[in-house]
Amino acid sequence: MKRLTKEDILIQLNHPFFRLISETAEELGLECYVIGGWVRDLFLERPSNDIDIVVIDQRRKIERPGIAIAEALRGKIGKKVNIAIFRNFGTAQLKHKGLEIEFVGARKESYDRNSRKPVTEDGTLEEDQNRRDFTINAMALCLNKDRFGELIDPFDGLLDMEERIIATPLDPDITFSDDPLRMMRCIRFATQLNFHIEEGTFEALERNKERISIISGERIAEELNKILLSPTPSVGFVELERCGLLPLIFPELSQLQGVDRRNGKGHKDNFYHTLEVLDNVAKATANIADLPEGNGTWESPKDHILWLRWAALLHDIGKPKSKRFDPLLGWTFHNHNDIGERMIPNIFRRMKLPMNEKMKFVQKLVQLHMRPIAIADEEVTDSAVRRLLFEAGDDIDDLMLLCTADITSKDSVKKKRFIENFRIVRTKLVEIEEKDRIRNFQPPVSGEEIMQMFGLKPSREVGVLKSAIKDAILDGKIPNEYEPARALLMEEARKIGLAPKDN
């Protein structure tokens, strides 16, 4: 955090829009303040393009002062910027060159226990700051001419930022009970900013955790996504578990926690292993330039990173359901990848996450995450690598990144052996792709051609013949070329009593 002088603040506010807003507020006789996240991030030296402006009419002559100042700005700026008016909410939004500025009148709020949507009334700046979620989000900078750049910080948010504390402006029990989503935001901010939650605030999280039941899965998932995109996402999930929220919002993940012992044999704590893998993936994707090229599904590199991290979070989600004790082998988790893949649609549906190619990507990585490890643990054969490349397709680099992150053994000799074998697997992946063009390949002889050649309709026989060609290519028995594939097709067709029809 940087301690900004008044001169530093004035430099940061030296933007044409702030000056224009200031002039317009003076003309209309309004008080005007920048408030919330932009002010916080100014002191934390974090880039921020979302700016909230609170507007107050002390004379009570203008019904919706936020809209009034936006409409006055529209008259001055013209069509150069996009200004949207939301009369039902008394707000307006201005967008220009990456900036997003929202204007709203100061408000005070009251809540019904069964809803997080408040009843709002016009209020003073003090009342508006009282309703803010955390002290670091309640600071304001005046934009009026005679007080331009003055900091209004009634709850010592600046001091809390210096001490790296998340705390509420008023009673945290009221803050969290009124709007339980603030509990998720509390943990999210602590994770994003690497702050710690003030003791009394954390105790209020524990007391009010059951209130999270009135929050939709979609809003919870939005906060989880932001935690996942944090530099060290494990922090957020540890705090969610510690305060008791995780079993309520994500029981499948919470159930990974704990170590069972029998006959002197125990297994690792799969919750903390999962978080270590997640942090490893986060480190590997911290620099967008290091991100695998991917499968073309992604809206942006950030979108790609998010779903890769979801795959890391869910890669062992099937272990509690697959856990068994074998007297000879100890604890086993056979087929936990298959079980995990099947669990994902219900998790995504409950959290209103996308049930599209993004979910299928997460499922694919969860399903395949044991394959490279199994290959690396044995002799790395061309056939096994071909099959891995075929099944992973364009997601092979993401899969290898996840599997490398999954190497968390504390046995340095074992870890070194896995890493070296993974290096061999990666080398063979490149060699086989260059030689055999296996990634996303389709058998050289199509199903349509097989049906035409033998006078067949869609049937089991067509599938058997296609599979024979595919397996022969993946096992290296024939090259991935048309003539060898056609010759094999004729041979396999004779075995099941098929002959080419006369042309």
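Is Ile 373 buried or exposed? At 16% relative accessibility, Ile 373 counts as buried, because the cut-off for that class is under 20%. Keep in mind as you look around that this is a predicted model.

**Around Ile 373**

Ile 373 sits in helix α19, which covers residues 371–377. Setting aside residues up to four places away in sequence, Ile 373 touches Asp 406, Phe 418 and Phe 422. For a sense of scale, try a distance from this residue to Phe 148: the two are 225 residues apart in sequence, and their C-alpha atoms are 61 Å apart in space.

**The chain as a whole**

Stepping back, you will find 25 helices and 15 strands in the chain. The radius of gyration is 29 Å, whereas a compact globule of 503 residues would have one near 23 Å. Along the principal axes, the C-alpha atoms fill a box of roughly 95 × 65 × 45 Å.

Half of the picture is interior: 50% of the 503 residues count as buried. Among contacts with a separation of 6 or more, 67% come from residues 24 or more positions apart. The accessible surface comes to about 24,700 Å², and carbon and sulfur atoms hold 47% of that area. As for charge, there are 77 positive and 84 negative side chains, and the centres of these two sets lie 3 Å apart.

**Two helices of 14 residues**

Helices α15 and α25 make a handy pair to view. Helix α15 spans residues 301–314 and reaches 20 Å from its first C-alpha to its last, close to the 20 Å expected for its 14 residues. Helix α25, residues 482–495, also has 14 residues and a reach of 20 Å, again close to the expected 20 Å.

Their surroundings deserve a look too. In α15, 12 of the 14 residues are buried, so this helix is largely enclosed by the rest of the structure. Its buried residues include Asp 303, His 304 and Arg 309, along with Trp 307 and Trp 310.

In α25, the buried residues are Ala 485, Leu 488, Leu 489, Met 490 and Ala 493. A general point helps in reading such a list: an α-helix has 3.6 residues a turn, so residues three or four places apart point the same way. The buried residues of α25 pack against α23 (447–454) and α24 (460–474). After α25 comes Gly 497, with a positive phi near 80°.

**Glu 223, a buried acid**

Glu 223 belongs to helix α10, residues 217–228. Its relative accessibility is 3%, so Glu 223 counts as buried. Which residues is Glu 223 in contact with, leaving aside its neighbours within four places in sequence? They are Leu 181, Met 184, Arg 185 and Arg 188.

**Positive phi outside glycine**

Two loop residues are worth a stop for their backbone angles. Glu 45 has a positive phi although it is not a glycine, and Lys 352 likewise has a positive value in a residue other than glycine. Here they are side by side:

| Residue | Phi | Loop between | Relative accessibility |
|---|---|---|---|
| Glu 45 | about 55° | α3 (37–44) and β2 (50–56) | 55%, exposed |
| Lys 352 | near 60° | α17 (336–350) and α18 (357–368) | 57%, exposed |

Why does Glu 45 count as exposed? Its relative accessibility is 55%, and the class begins over 50%. Lys 352, at 57%, counts as exposed too.

Note on methods
Residues are numbered from 1 along each chain as its sequence is written. This is a predicted model: local features need pLDDT of at least 70, side-chain atom pairs count only at pLDDT 80 or more; totals for chains, interfaces and linings use all residues. Side-chain values use heavy atoms; hydrogens and water are left out. Helices (H or I, at least four residues) and strands (E, at least two) are DSSP runs, numbered from the N terminus. The expected span of a helix is 1.5 Å times one less than its number of residues. Buried means under 20% relative accessible area, exposed over 50%, partly exposed in between (1.4 Å probe, protein chains only). Contact means heavy atoms within 4.5 Å. The radius of gyration is taken over C-alpha atoms; the globule rule is 2.2 Å times the number of residues to the power 0.38. Accessible areas come from the Shrake-Rupley method with a 1.4 Å probe; for residues, only the protein chains shown count as cover. Lys and Arg count as positive and Asp and Glu as negative; His and the chain ends are not counted. The place of a charge is taken as NZ of Lys, CZ of Arg, CG of Asp or CD of Glu.
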